[in-house]
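Q: I'd like a close look at the empty space inside this protein. Please take me through it, one place at a time.

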Amino acid sequence: MASLEHAHPFEASLADIDPEISAAIDSELARQRSTLDLVASESVPPRAVLEAQGSILTAKYADGYPGQRTYDTCEWIDEIESLAIGRAKAVFGAGHANVQPYSGASANAAVLHALCEPGDVVLGFDFAHGGHPTQCDKETFAGRYYRAFAYHVRRGDRLVDMDEVEMLARAHRPKVLFAGWSCYTRHLDFARFREIADEVGAALVVDMAHFAGLVAAKVHPDPVPFADACTMTVHKTLGGARGGAILCRAELAERVDAAVYPGEQGCPLPHVIAAKAVTFKLAGTEAFRERMRRTLEGARAIAEALVEAEERTGASVVTGGTDVHQLLVDLAPSGREAWATLRRLNEIGISANAVSLAYDRLAEPACSGLRFGATALASRGFDREQFGEVGRIVADALANGGEDPDGSLAGRVAELTSEMSLYRYLD
């Protein structure tokens, strides 16, 4: 620290300027390296994405869109944003792309702003049943500024009740019908959603924040041809920059752009847009498609291990498996609560999510569900065999109520994480 007094503050390192923050970042790196990350919404951003998102572009103001800024000297920002837009359109086959949303939630807000007036009816997937709060939850803008109604999954098979979707759409005549999810494990019938939307005169918006990477890799049914607009995050299965994006039909481009800026947001984040451009470029490669295939194989391998162990664990895999990057486990048959179980899993080096499930026997904040995802470990290089071992570790932990009295489970976690190193270049 003595040298800091003589150094220009712009040239001093983070460790010199703020050793507390530097140490916390180092500790988080150590945690990520030593943990089996099964959080379904997390991934491992590539080095190129981190470099772009942490770049000098942070310093630039660029309100507006390419060629239409309210600040000058934006020629390089224009080039970067144009590349991001073009790459997103190419990867997804979309008529138009807006890459400025700060998050998936702000992308949903902007689409509603573009397609609705305050007080219009919106029909979305109930958050407690697997949707996202910004589709129709009363505590979000969707429920505060619009008349929001929700559809659900069936009690028996836990699949979206398309007959209920049709019934509610006919009864309420929404301006926007949402398809898409954040906590669901099977494919949706986008063609049926399109038919229902057309019947009642609604715009169909697909919230593909979780499965955008699978769509880009062509290992998941493609909603883009059916939807008027699709919203997404760029940091989940796409595995890149933290932020959101919107795809839409070309004829909606002006309305969507105006809803994002100035309708919902101020200045865009040029450094994040650059990182999104890198993300979309990578999403068009065979290496990315191979990673998404391993992601699906990994989620299925974990699900298979947990289904096989249901008698031992007393926990069931919701819908009996998965079509996507994540799976849901219902602890209700075991009588255990998810948050307490999750804390025990954390102690042996496994991170995941505790979630409320449809028809959950426990009232929030307690819940019965655990959500496991394969994206981060697939990004780290895990293959089906290693994912099978991950599933067996989770099954053995659940069979013990999350306990690891002899440390053997933590040892198996350490063996896997040391075998598949993370961010080696940071050494």
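A: Let's start with the terms: on a 1 Å grid over the protein atoms alone, a cavity is a set of points where a 1.4 Å probe fits but cannot get out, while a pocket is an open set with protein on both sides within 12 Å along at least five of seven lines; lining residues have an atom within 4 Å of a point. This is a predicted model, where local features need pLDDT of at least 70 and side-chain atom pairs count only at pLDDT 80 or more, but totals for chains, interfaces and linings use all residues. Numbering runs from 1 along each chain as its sequence is written, and side-chain values use heavy atoms, leaving out hydrogens and water.

Searching the whole structure turns up two cavities of 30 Å³ or more (a volume is the space filled by probe spheres set on the grid points, which are joined across faces, edges and corners). The largest cavity holds about 120 Å³. It has 15 lining residues, and the closest to its centre are His 129, Cys 183, Val 318, Leu 328 and Ala 358. Sorted by class, that lining has nine nonpolar residues (Ala, Val, Leu, Ile, Met, Phe, Trp, Tyr, Cys and Pro), one charged (Asp, Glu, Lys and Arg) and five polar (the others, Gly among them).

The second largest cavity comes to about 30 Å³. Around it sit Pro 46, Leu 238, Gly 239, Thr 279, Leu 282, Ala 283, Phe 288 and Arg 291. Helix H12 (270-283) and helix H13 (286-308) are the elements giving two or more residues here (helices, H or I, have at least four residues and strands, E, at least two; both are DSSP runs numbered from the N terminus). H12 gives the most, three residues.

Now the open spaces. The largest pocket has a volume of about 690 Å³, and of its 28 lining residues, Gln 32, Ser 43, Pro 45, Leu 50 and Tyr 423 are the closest to its centre. Helix H2 (19-34), helix H3 (47-53) and helix H16 (375-380) each give two or more residues to this lining, with the largest share, six residues, coming from H2. The class split is 13 nonpolar, eight polar and seven charged.

In the second largest pocket there's about 440 Å³ of space. It is lined by 27 residues, and those closest to the centre are Phe 127, His 132, Pro 133, Ser 182 and Arg 371. Helix H5 (104-115), helix H6 (133-136) and E14 supply at least two residues each, and H5 has the largest share with three. By class, that lining has 13 nonpolar, ten polar and four charged residues.
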